[in-house]
Structures are given as C-alpha cells and as structure tokens.
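Biologist: Could you walk me through one part of this model slowly, as if I'd never looked at a sheet before? I'd like to know which strands sit where and what packs on them.

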Amino acid sequence: MGNHYFIAVPLPDPIKQDLSRLQAKLKEDLTYKQWPIPEDFHITLKFFGDLPDNKVHQLKERLPEIQKQLVFSVNVGEIGFFGDSKRPRVLWSGVEKTESLQSLYSAVEEIASACGIVRENRPYRPHITIAKNWIGEAKREQIEQLDHMHNEQQIMKVDRIVLYQIFPQQRPKYHPVATFELKGDGDTGSAD
C-alpha cells in the first residue's frame, strides 16, 4: 500500500460526538467490522488513492484556489446505507447536497483534474461513514429499525477543506496534511 490521500470537509466536535453516541446505540444490534472513531469522521469530497509526492505537491499548490468558494452551511443527520439491505455494506449519516456543496465538490474535481488526476464519473453522494464492512446477515427488524432512526438534522458550517493522508494501522488513521479555508463572509465579530 502506497501513500493514499483524500480531500474532505472536517466535522465540528459536537457533530462528531453526536455520531459517536449514535454509533454506540447501533453497535448493540449491528455487526460491522469497522466503526470509525470520532476523530476520523468526515465528508469526503474526493478520494485519490495512491498519489506520488509530486502530485501531492501539485495539489497543495493549486488547492488554495478553493478560497474563492464561500463558507456555507449544510444539514447533516439522516441515516442511510449503501448496498443490499440484507447486508448494508456502509452505514452513513446523510449530508444535504446543496448547490454550495456541489460547487465545492466541482471546484475540487477541477483542481484535481488540472493536476492530471482522473475525474470521478459517478454523481457525488455526500455522506459521513458511521460503519462499514458488514459481517453476517442483517435481520429484517434491524434494517427496519434503521429506517426509523432519524437522527436529528443538525446544521453544520463548512468553512474549510482538508487534504488527508491515510495511515491504516494508526488511530486516528486520517492525518491532516494541509488545510484550506473557504472565503469568510467578512464578519469578524461573530461569536462562534
């Protein structure tokens, strides 16, 4: 395994803690191999896989262009899964796909493409992975329970993106390599 990287929106602590509480509830019933620790929760914008150092360098040089994008907010919270309902391979918390988020995603794709990195050909599906790698069969009532488990929607501010490197054997396993702030709305007097 070489050096794998991805770009993501980091989550604020209250949302991480919230998802961590949700995980604790789900762990009672659901058999997943991997439950990411709260420090590793994120909203992926682009996964690169293995990148040579010169590409990482190019990305770091071009990613400041992201600062043209304005800070914005999205709703986070709904629960869903990818894969077959009998063995839902990834359990996630949904992220509202707003125009601002789509625009941020497209800007990242543009920059990556300018660095010679292949574009993603599937539509963007923003989500936060809560668990993955299902073991065994899911009982129907477990899946139905998921359908009723609507976590409260929360509003989350998106004000930066981070280039992460993956260290599979470590905890947390996603290490920030570089952070790029979005363009603030100039209100320095805000209390948050």
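Modeller: Sure, let's take one sheet and then the helices against it. Quick housekeeping: this is a predicted model, where local features need pLDDT of at least 70, side-chain atom pairs count only at pLDDT 80 or more, and totals for chains, interfaces and linings use all residues. Residues are numbered from 1 along each chain as its sequence is written, and side-chain values use heavy atoms, with hydrogens and water left out.

Our sheet is an open one with 4 strands, paired antiparallel in the order S3-S1-S8-S9. Strands here are DSSP runs of E, at least two residues, and helices are runs of H or I, at least four residues, both numbered from the N terminus. Two strands pair if DSSP finds at least two bridges between them. At the edges you'll find S3 (42-50) and S9 (174-181), each pairing on one side only. From one strand to the next, the twist averages 20 degrees; the axes behind such angles are lines fitted to C-alpha atoms (for helices, over the stretch in contact), and angles run from 0 to 180 degrees between N-to-C directions.

Now zoom in on S8 (residues 160-166): 7 bridges join S8 to S9, and the two run antiparallel. In that pairing, Arg160 stands opposite Glu181 in S9.

Next, the helices. H2 (residues 53-62) lies across S1 (4-10), S3, S8 and S9, running at about 30 degrees to S9. H3 (residues 99-114) packs on the sheet too, touching S1, S3 and S8, where contact means heavy atoms within 4.5 Å. The direction of H3 makes about 15 degrees with that of S3.
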